[in-house]
Amino acid sequence: AEAGNFLNLCHNPKLACEVTLQPIDIVGVDAAIMFSDILVVPNEMGMDLDFIKGEGPVFANPIRDEKALDALIGGEEAANKLTYVYDTLKLIRAELADDKALIGFTGSPWTLATYMIEGQGTKTYNIVKKEIYSNPEFMHKLLAKVTEVIKFYLEKQIEAGADVVQIFDSWAAALEESKYFEFSWSYMKEIAAHIKAKYPHIPIIMFPKGIPAFLDKIDGDFDVFGVDWSTPMAYAKEKLGDKYVLQGNMEPCRLYSKEATKECVESLAKTMKEGRHIFNLGHGILPDVPVENAKYFVKLCQEVSKR
């Protein structure tokens with residue numbers, strides 16, 4: 001997409017609904033995940049977001065001091081500005097078959113705060129990590145503010161028709177263990193507990209990417225743990241399978257080959273035979289994967305599930 005067009009799509013409920021329903025119709029998956037972007041949250045908190053070709057999302061005004069932090073719109077006021085997301089969910093739910101689940105989502109506070117402070121994607125995280133080690137109070141203040149917005153945001157998604165909500169922690173792997181639980185997981189747990197208290201029937205999926213070494217310490221009031229492709233499923237089952245339904249974790253690039261796809265699906269089915277499992281990729285699908293192969297993956301998962 002050219003600069004801005006992706007955001008325009010997120011802001012257009014009718015088109016976002018169409019894009020959401022396409023994989024259901026074409027590929028035949030069992031659930032729809034609403035079309036949106038995690039960065040609409042900081043955008044509506046008052047940050048100037050642009051999608052730049054070749055660079056991805058960029059905030060023109062990164063949060064680098066207390067003044068900028070205090071100027072951010074917080075709480076329900078910011079969540080109320082995301083009406084286009086709720087309208088998208090309402091449209092999807094109206095068109096979606098009753099036996100298909102509708103998944104709403106948000107980025108985790110840590111992942112969003114990383115973008116907000118760095119101003120764009122980063123490989124080193126040095127600007128945000130500098131805050132963690134040298135100015136933790138500032139960091140916690142920002143994370144708490146983002147957390148409050150997300151609580152309202154997910155509540156409103158549920159009210160608009162989301163059957164399930166997922167919290168994506170894309171940058172989980174950027175932090176060492178003690179800092180991960182202090183600056184990311186604790187806030188994700190707080191959000192999950194808040195939603196569970198209000199909507200006990202709504203399943204919550206937690207998806208932190210790239211922290212297999214920390215699975216021993218994972219806890220909280222949620223239902224499904226998303227296992228990324230770098231974490232062996234047998235290991236995740238051993239550590240978390242008794243407590244949570246596991247989702248994942250096929251390496252998305254396996255979709256380039258039907259043989260590689262089949263090998264993984266069979267292996268997952270075998271590993272999770274006695275466990276609770278939702279077949280899924282271990283991260284996002286790549287744009288040049290043949291649709292034919294995605295259909296094959298879904299069909300295979302459905303066949304294997306019936307055995």
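**Salt bridges and an enclosed cavity**

The side chains of Glu76 and Lys156 come together in a salt bridge, with N and O 2.9 Å apart. This pair connects distant parts of the chain, since Glu76 belongs to helix 5 (residues 75-79) and Lys156 to helix 9 (residues 136-159), 80 residues apart. The model examined here is a predicted one. The two partners can also be described by their accessibility. Glu76 is partly exposed, at a relative accessible area of 37%. Lys156 has a relative accessibility of 19% and, because the limit for a buried residue is under 20%, counts as buried.

The Glu76 and Lys156 pair belongs to a structure that holds 16 salt bridges. As general background, side chains of opposite charge can pair when their charged atoms come close.

Another salt bridge is found between Glu266 and Arg307, whose side chains meet at 3.3 Å, N to O. Glu266 lies in helix 12 (residues 258-271) and Arg307 in the segment that comes after helix 13 (291-306), so this contact ties together parts that are 41 residues apart in sequence. On the acidic side of the pair, Glu266 counts as partly exposed at 28% relative accessibility. Its partner Arg307 is exposed, with a relative accessible area of 66%. Salt bridges also form a network: Glu66, Asp70 and Lys141 are joined into one through shared partners.

A further pair brings Arg254 together with Glu263, and here the closest N and O atoms are 3.0 Å apart. Arg254 has a relative accessible area of 26% and is therefore partly exposed. Glu263, with 52%, is exposed, because the exposed class begins over 50%.

Turning from charged contacts to enclosed space, the count comes to one cavity of 30 Å³ or more. The largest cavity contains about 30 Å³ of space. Which residues line the largest cavity? The lining consists of Pro208, Gly210, Ile211, Pro212, Leu215, Phe225, Asp228 and Thr231. By residue class, this lining divides into five nonpolar residues, two polar and one charged. Among the nonpolar residues are Leu215 and Phe225, while Asp228 is the charged one. Gly210 and Thr231 are the two that count as polar.

Definitions and conventions: Residues numbered from 1 in each chain as written. Predicted model: local features only at pLDDT ≥ 70, side-chain atom pairs only at ≥ 80, totals over all residues. Heavy atoms only, no water. 1 Å grid on protein atoms, 1.4 Å probe; cavity = no way out; pocket = protein on both sides within 12 Å on 5 of 7 lines; lining within 4 Å. Points joined across faces, edges and corners; volume = space filled by probe spheres on them. Salt bridge = Lys/Arg side-chain N within 4 Å of Asp/Glu carboxyl O. Helix = DSSP H or I, 4+ residues; strand = E, 2+ residues; numbered from the N terminus. Buried < 20%, exposed > 50% of the residue type's maximum accessible area, 1.4 Å probe, protein only.
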